[in-house]
Amino acid sequence: MLEEDLWNKTRKGIGAMWRCNRLEDKLSSGIPDVFFTLPSDNGVRVAGMMELKCKDPGKRGGISAAHYTQDQRDFALLHESVLLFLYSGGWYMLFASSVAPDILKGQSVDWHRENALYSSKSPNWGDIVTTIRGYITESIID
């Protein structure tokens, strides 16, 4: 799957549950691909950003991507409301910014699944939205 396909699938899957914009920033490396807002349980909107990545496991089963740059990792660490949405080996996985330095450094699909906020071969978009909302709300309160 290409990143554009992941974007189209995600945008269609989450649909009316969010407002989103795809960003293409040629001037700054590190800016995530998607800016979004979601209504929270109490009606207040929560906002965040999401980096999209598609990467097939290598011959040894590890997932690595040179194009998940240090600037992107640094941006995620500086902004707690940044998430990474990864498609690899048939799995959809959502990661918190706190694990950004460790993601896509050759670990197995199983390692990635165990460290994800959410993982599924057949995504439930409502569950993904609930996970995103919960993570961002918790990040804001902390």
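User: What makes the 24 residues a nonpolar core, and which of them touch the most other members?

Analyst: A nonpolar core is a set of buried Ala, Val, Leu, Ile, Met, Phe, Trp, Tyr and Cys residues joined through side-chain atoms within 4.5 Å, where buried means under 20% relative accessible area, exposed over 50% and partly exposed in between (1.4 Å probe, protein chains only). The largest such core in this predicted model has 24 residues, of which Trp18, Phe36, Met50, Phe85, Ile128 and Ile132 touch the most other members. In soluble globular proteins, nonpolar side chains tend to be buried together.

User: Which elements give two or more residues to this core?

Analyst: They are helix 1 (3-14), strand 2 (34-39), strand 3 (45-54), strand 5 (82-88), strand 6 (91-95) and helix 4 (125-141). Helix 4 gives the most, with 6 residues. Helices (H or I, at least four residues) and strands (E, at least two) are DSSP runs, numbered from the N terminus.

User: Which residues does Phe85 touch?

Analyst: With contact defined as heavy atoms within 4.5 Å, and residues up to four places away in sequence not counted, Phe85 touches Leu6, Thr10, Met50, Glu51, Leu52, Lys53, Tyr92, Met93, Leu94, Trp125 and Ile128. A second, separate core of 18 residues includes Tyr68, Phe75, Ala76 and Phe95.

User: What basis do these values have?

Analyst: Because the model is predicted, local features need pLDDT of at least 70 and side-chain atom pairs count only at pLDDT 80 or more, whereas totals for chains, interfaces and linings use all residues. Residues are numbered from 1 along each chain as its sequence is written, and side-chain values use heavy atoms, with hydrogens and water left out.

User: Why is Leu78 called exposed?

Analyst: Leu78 has 68% relative accessibility and therefore counts as exposed. Leu78 lies in helix 2 (residues 70-78), and its C-alpha atom is separated by 8.4 Å from that of Ser97, 19 residues apart along the chain.

User: Why is the protein called as compact as a globular protein of its length?

Analyst: The protein has 4 helices and 8 strands, in the order α-β-β-β-β-α-β-β-β-α-β-α from the N terminus. Its radius of gyration is 14 Å, close to the 14 Å that the globule rule gives for 142 residues, so the protein is as compact as a globular protein of that length. The radius is taken over C-alpha atoms, and the rule is 2.2 Å times the number of residues to the power 0.38. Buried residues make up 44% of the 142 residues.
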